[in-house]
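This briefing goes through one structure by topic, starting with its enclosed space and moving on to its open pocket, its nonpolar core and one of its sheets.

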Amino acid sequence: MQEVEISDNKVTGTLKYVKGYDKFEKGAEGNFLAIEVEEAKNGDTVSFELSDSQKKGTGTLNSKDYLLVAKIHDKSQTITLKNGETTKVLDLTGLTLSPSE
């Protein structure tokens, strides 16, 4: 990732193409977004859903596992974070997805 920032629920920056990212899935490759979810880091339970996912599209984050790693294949995808009554939708249209070399 390069210069990835979140402002007003809009994610910007560049996701470089990664090959062999075994921590996601054995032999995984593609563009990955990794973000710390502050609410989960601070002890809340936060559920997430990646729209139009190809792999691992939903899950739960908490204080032990607050790093969300998502494989992004299209900038039109969104990530919805739910924390109790609060819902936040992250807009990924500001990302640049680097192609495979």
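One cavity of 30 Å³ or more is present in the structure, which is a predicted model. The largest cavity takes up about 30 Å³, whereas the largest pocket holds about 240 Å³ of space. Strand 7 (67-72) is an edge strand of an open sheet, contributes two or more residues to the largest nonpolar core, and takes part in lining both the largest pocket and the largest cavity.

**The largest cavity**

- The lining of the largest cavity is made up of F24, F48, L50, K55, K56, L68, V69, A70 and K71.
- Strand 7 is the main contributor to this lining, giving four residues, and strand 5 also supplies at least two.
- By residue class, the cavity lining comprises six nonpolar and three charged residues, with no polar ones.

**The largest pocket**

- The residues that line the largest pocket are Y21, K23, F24, F48, K56, G59, T60, L61, D65, L67, L68 and V69.
- Two or more of these lining residues come from strand 6 (58-61), and two or more come from strand 7.
- Sorted by class, the pocket lining has seven nonpolar, two polar and three charged residues.
- F24, F48, K56, L68 and V69 are named in the pocket lining and are also named in the lining of the largest cavity.

**The nonpolar core**

- In soluble globular proteins, nonpolar side chains tend to be buried together.
- In this model the largest nonpolar core contains 18 residues, and L33, L68, I72, I79, L81 and L92 are those with the most contacts inside it.
- The elements that each give two or more residues to this core are strand 2 (10-15), strand 4, strand 5 (46-50), strand 7, strand 8 (78-83) and strand 9 (86-97).
- Once its neighbours within four places in sequence are left aside, L68 is in contact with L33, A34, I35, V37, F48, L61, I79 and L81.
- L68 thus appears in several settings, being among the core residues with the most contacts while also lining the largest pocket and the largest cavity.

**The open sheet**

- An open sheet is formed by three strands in the order 3-4-7, with antiparallel pairing.
- Its edge strands, each pairing on one side only, are strand 3 (17-18) and strand 7 (67-72).
- Strand 3 pairs with strand 4 (residues 30-36) in the antiparallel sense over two bridges, and G30 in strand 4 is the bridge partner of V18.

Key:
Residues numbered from 1 in each chain as written. Predicted model: local features only at pLDDT ≥ 70, side-chain atom pairs only at ≥ 80, totals over all residues. Heavy atoms only, no water. Pairing = 2+ DSSP bridges. Core = buried A, V, L, I, M, F, W, Y, C linked by side-chain atoms within 4.5 Å. Buried < 20%, exposed > 50% of the residue type's maximum accessible area, 1.4 Å probe, protein only. Contact = heavy atoms within 4.5 Å. 1 Å grid on protein atoms, 1.4 Å probe; cavity = no way out; pocket = protein on both sides within 12 Å on 5 of 7 lines; lining within 4 Å. Points joined across faces, edges and corners; volume = space filled by probe spheres on them. Nonpolar A, V, L, I, M, F, W, Y, C, P; charged D, E, K, R; others polar.
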